[in-house]
There are 2 protein chains.
Amino acid sequence: MTTSGRRATLADVARRAGVSTTLVSLVMRGVPGASPANREKVFRVARELGYVPDSRARALRGRSHLLGLMYEVHQPFHADLVDGIYAAAEEAGYDVVLSAVTQRRNEDAAVETLLADRCEALLLCAPRTGRNWITGVAARLPTVVLARHVRHPDVSVVRTADVKGIRLAVDHLLDLGHTRIVHIDGGSVPAAEQRRRGYRTAMTKHGLTPVLVPGGWSEESGFLAAQRILGDADRPTAIVAFNDACATGALSALFRAGVAVPQAMSVVGFDDTHLAGFSHVGLTTIRQDATVMARMAVSRAISRIETGSGDSNGGDGVVPPTLVIRGTTGPARA
Amino acid sequence: MTTSGRRATLADVARRAGVSTTLVSLVMRGVPGASPANREKVFRVARELGYVPDSRARALRGRSHLLGLMYEVHQPFHADLVDGIYAAAEEAGYDVVLSAVTQRRNEDAAVETLLADRCEALLLCAPRTGRNWITGVAARLPTVVLARHVRHPDVSVVRTADVKGIRLAVDHLLDLGHTRIVHIDGGSVPAAEQRRRGYRTAMTKHGLTPVLVPGGWSEESGFLAAQRILGDADRPTAIVAFNDACATGALSALFRAGVAVPQAMSVVGFDDTHLAGFSHVGLTTIRQDATVMARMAVSRAISRIETGSGDSNGGDGVVPPTLVIRGTTGPARA
DNA sequence: CTGTTAGCGCATTCAA
DNA sequence: TTGAATGCGCTAACAG
């Protein structure tokens, strides 16, 4: 930094431009009420001084128009949500404050900073902490939970229809002639329960026996689960994985073991993250629409802010998933 | 939200506890100067009212103690940096404001919000915008650039010794008896230039001919590049990829084509992101130490803030990379 | 169209 | 140990 010491303020600009602070404020906010000549002059001086309105002082004055967003830095799907939420918030005239959950920074810490930041509502991406914690948070600020089930009047929920998503996967495999289909589950991760249930339901509905293999949300967990599956005497012909990362890990195990995909084994993921779309993976998967979820979440947050409370939209925001067929599923062997 | 309408303030707590605002302020900041009895009472009332100090009002008062961090949501290595920077900043008594770069939100927009947020310094993770933009930003606020070369008195740089990193990779392969080693480069991405140069230097030093294959930072680019390599008449025996994602993509192409790794082809990545560590990938790679880089970056930012300007640490912060040998490299075939 | 003024929530003087 | 007063940068009344 080479420029002056102090940060330029609205008053500095006003003084230098020879106008009132009100006028500068008007011009900077783009509201009408200033002559073109003055508007021009203010802009010029502001640029000269490197003036940027102080968002904190602005917020202190009245409403902050801030949406607090908690997400996990290492989750690709959360990255998609972040992107969508930025966009949706901007459209609605709100700003977003990010608060990341990392290995050394837990959800409680993440929310604490959001609270201190004067956010008007909280968006929580797939919170892992218990239900009581969530309702506790929701008691303090309007709260929207994404990608997790919670049933409580204080919290709005936006999620994918997990059960339906898994059903799409199973049905797709059935259409291809598979009958021995296993599910690598997500363990204790949010949504894992629903997907497990969806799998069981879909299988039993067709008179098939559900087989669950313990997994997780990471590539490693998928890898390990697939190895276990390959060791089974009665090897299945298809795998429905908890998510894309898990599916990718499983794929690696299969490649390693020389099992041809999809000839000898079909694999379906969940999420449709960037990972799945890469041409080399070509993963058949269940797509969660991050953009739609983001839009819904923002809209619900704002509605909660403005109506003070209560969910006018009636119930969870459930986004329908879609089946994306790529290269990892194929006909069952005769 | 079920509680009262207005957010509780310091004055509310003071009134309810029957003490002065000063006292509450003291207690909340944990500075000495209040009787144990009062301290206790203030804490109790604060909890009852759900009082959280307003960080924005606090910042308005004097210094904000805020570090602005720009990073790319979809880059795993940036996630590692974010994690480290949160930790390092906290140790130093600073807070972090995140500003993500996404597909719909460019670097300029990201920095603009950081400026408005009253940050005292900026940390830019591998900025892609031109040099002039960076120096322009640095003219406004103390700035530290991570993982990219910039030579300018106004900007501090923290980066991995890219040239040395690539040399480690090449030397490792030479030790294993490889001579036909190609480099899948990073195109126009920051640091790609240095790695390219490091590769050329390392090869020519040993009298070998460098062979560059155009690549990029994504898995897809690595996949495509590897396909091209496999099509070559004079197929190499080893690949040094621009980064882990690129290497992972290349690995997939090799698996697909039935090329055994490392028997028929060795592959080295760069970064040592989570991806590389997963057991199923077992990628030999050049490790960038995100934690050390984060610590250095924070320390330089603070030093710039406090000394007003100038880089007392003298020159770039260069973090030595290390070779991590896993399963994707092996002896060249006789 | 433009200027004056009050106050947002907090930390920090200075007095008591 | 405690309390009252001041100002950070900005916006929203209100007056000119």
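Two strands are taken to pair if DSSP finds at least two bridges between them. In this predicted model, strand 1 of chain A and strand 3 (residues 121-125) of chain A meet that condition, pairing in the parallel sense over four bridges. Within this pairing, Leu67(A) has Ala121(A) of strand 3 as its bridge partner.

**Strand 1 of chain A and its surroundings**

Strand 1 of chain A is also joined to strand 2 (residues 95-101) of chain A, by seven bridges, and these two strands run parallel. Opposite Gly68(A) stands Val97(A), a residue of strand 2 of chain A. The connection between the two strands involves a helix: strand 1, helix 5 (residues 76-91) and strand 2 of chain A form a right-handed β-α-β unit.

A residue counts as buried if 20 or more other C-beta atoms lie within 10 Å of its own. Seven of the seven residues of strand 1 (residues 66-72) of chain A are buried, so the strand is largely enclosed by the rest of the structure. Burial extends to both faces of this strand, with Leu66(A), Gly68(A), Met70(A) and Glu72(A) on one side and Leu67(A), Leu69(A) and Tyr71(A) on the other.

**Relation of the two chains**

Two copies of a chain are related by a rotation about an axis and a shift along it. Here, chain A is superposed on chain B by a rotation of 180 degrees with 0.0 Å of shift along the axis, at an RMSD of 0.1 Å. The two copies are thus related as by a two-fold rotation axis. Of the interface residues of chain A, 98% are also interface residues in chain B, so the copies meet through the same surface.

**Surfaces near the DNA strands**

Both chains contribute to the surface near each DNA strand. Around DNA strand D there are 25 residues, of which Thr9(A), Leu10(A), Ser25(A), Ala57(A) and Ser20(B) come nearest. At least two residues of this surface are supplied by each of helix 2 (21-29) and helix 4 (55-61) of chain A and helix 2 (21-29) and helix 4 (55-61) of chain B.

DNA strand C is likewise surrounded by 25 residues, the closest being Ser20(A), Thr9(B), Leu10(B), Ser25(B) and Asp54(B). Two or more residues of the surface near DNA strand C come from each of helix 2 and helix 4 of chain A and helix 1 (10-17), helix 2 and helix 4 of chain B.

| DNA strand | Largest share of the surface | Residue classes |
|---|---|---|
| DNA strand D | helix 2 of chain A, five residues | nine nonpolar, 11 polar, five charged residues |
| DNA strand C | helix 2 of chain B, five residues | 10 nonpolar, 10 polar, five charged residues |

**Backbone geometry**

Most residues other than glycine have a negative phi, and most peptide bonds are trans. Several sites in the model depart from these tendencies. The peptide bond from Val261(A) to Pro262(A) is cis, with omega near 10 degrees, and Pro262(A) lies in the loop between helix 11 (244-256) and strand 9 (266-271) of chain A. In chain B, Val261(B) and Pro262(B) are joined by a cis peptide bond with omega of about 5 degrees; the loop between helix 11 (244-256) and strand 9 (266-271) of chain B holds Pro262(B).

Asp271(A), which is not a glycine, has a positive phi of about 125 degrees. Asp271(A) belongs to strand 9 of chain A and is buried, with 29 other C-beta atoms within 10 Å. Ala191(B) also has a positive phi, near 85 degrees. This residue, Ala191(B), is situated in the loop between strand 6 (181-184) and helix 9 (192-205) of chain B, and with 21 C-beta neighbours inside 10 Å it counts as buried.

Methods: Residues are numbered from 1 along each chain as its sequence is written. Chains are lettered from A and ligands numbered from 1 in the order in which they are written. This is a predicted model: local features need pLDDT of at least 70, side-chain atom pairs count only at pLDDT 80 or more; totals for chains, interfaces and linings use all residues. A residue is near a molecule or strand if its C-beta atom, placed from the backbone, lies within 6 Å of it. Ala, Val, Leu, Ile, Met, Phe, Trp, Tyr, Cys and Pro count as nonpolar, Asp, Glu, Lys and Arg as charged, and the others, Gly among them, as polar. Copies are superposed by least squares on the C-alpha atoms of residues with pLDDT of at least 70 in both. Two residues are in contact if their C-beta atoms, placed from the backbone, lie within 7 Å. A residue is buried if 20 or more other C-beta atoms lie within 10 Å of its own, exposed if 12 or fewer, and partly exposed in between; C-beta atoms are placed from the backbone. A crossover is right-handed if, with the strands pointing away from the viewer, the path from the first strand over the helix to the second runs clockwise.
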